[in-house]
Amino acid sequence: MDNDLRELYQDVILDHGKSPRNFHAMANATNNALGHNPLCGDKIDLFLSIDKNNVIQDISFQGAGCAISMASASMMTEMLKGKTTDHAVKLFHAVHNMFTSSETDIKDCSVSEDDMDRLTALSGVKEFPIRVKCATLAWHTLDSALNNKKS
């Protein structure tokens, strides 16, 4: 990854980390889960409002953590609002594969190119294995919420 691109991705993460989008509790959530990374203390409380057609009408989170965990949660909520739960599951698997695969390039034909471009901003975290749990906390919390697990 060239330096200009790396800098752009760092700027995206810092922006979302400092000013997370959809950062609030949701009173009428249909699904909710708590995520906690005991290694660093990051905590996320994720709220989803899913309609009868399995469309995520609203998604938000509260919590405290490092810039990477907050940015990842913020980016995730922006990507998933208005999408189906099936789409959310595909994105969860794409993120999981991005951090666990030995591939250096992100390729997943089951999600859109736009989604993959957005996720690429997080891919640099893979170079710092201790931070991968920070980047995936929100996504694992999403998986729990979609499966009606509270944590």
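A polar contact here is a pair of N or O atoms within 3.5 Å. Keep that cut-off in mind for the stop at serine 123. The model on screen is predicted.

**Whole chain**

Start with a cartoon view. The protein chain has 5 helices and 3 strands. Traced along the sequence, the order is α-β-β-β-α-α-α-α. Now colour by burial. Of the 151 residues, 45% are buried. Switch on the surface: the accessible area is about 8,100 Å², and carbon and sulfur atoms account for 50% of it. Contacts reach along the chain too. Among those between residues at least 6 apart in sequence, 60% join residues at least 24 apart.

**Strand β2**

Select residues 42-50. This is strand β2, and 8 of its 9 residues are buried, so the rest of the structure largely encloses it.

Add residues 31-37, strand β1. β1 and β2 are antiparallel and share 7 bridges. Pick asparagine 32 to see one pairing: its bridge partner in β2 is phenylalanine 47. Then go to the turn. The hairpin of β1 and β2 has 4 residues between the strands, and glycine 41 there has a positive phi of about 95 degrees.

Next, add residues 56-64, strand β3. β3 runs antiparallel to β2, with 8 bridges joining them. Click leucine 46 and look across to its bridge partner in β3, phenylalanine 61. In this second hairpin, 5 residues lie between the strands. Asparagine 54 takes a positive phi near 60 degrees.

**The aromatic pair**

Stay on phenylalanine 61 and show side chains. The structure holds 1 aromatic pair. Its members are phenylalanine 23 and phenylalanine 61, set edge-to-face, with 5.2 Å centre to centre and 80 degrees between the planes. The pair links distant parts of the chain, 38 residues apart. Phenylalanine 23 sits in the loop between α1 (3-18) and β1, while phenylalanine 61 belongs to strand β3.

Which of the two rings is buried, and which is partly exposed? Phenylalanine 61 has a relative accessible area of 0%, so it counts as buried. Phenylalanine 23 has 38%, so it is partly exposed. The cut-off for buried is under 20%.

**Serine 123**

Last stop: select residues 113-123, helix α4, and zoom to serine 123. Its relative accessibility is 15%, so serine 123 counts as buried. Show the backbone oxygen of threonine 120. That oxygen lies 2.6 Å from a polar atom of the serine 123 side chain.

Key: Residues numbered from 1 in each chain as written. Predicted model: local features only at pLDDT ≥ 70, side-chain atom pairs only at ≥ 80, totals over all residues. Heavy atoms only, no water. Helix = DSSP H or I, 4+ residues; strand = E, 2+ residues; numbered from the N terminus. Buried < 20%, exposed > 50% of the residue type's maximum accessible area, 1.4 Å probe, protein only. Contact = heavy atoms within 4.5 Å. Areas by Shrake-Rupley, 256 points an atom, 1.4 Å probe, with all protein chains shown as cover. Pairing = 2+ DSSP bridges. Polar contact = N/O pair within 3.5 Å; in protein donor to acceptor, adjacent residues only side chain to side chain. Phe/Tyr/Trp six-rings, centres within 6.5 Å; stacked < 30°, edge-to-face > 60°.
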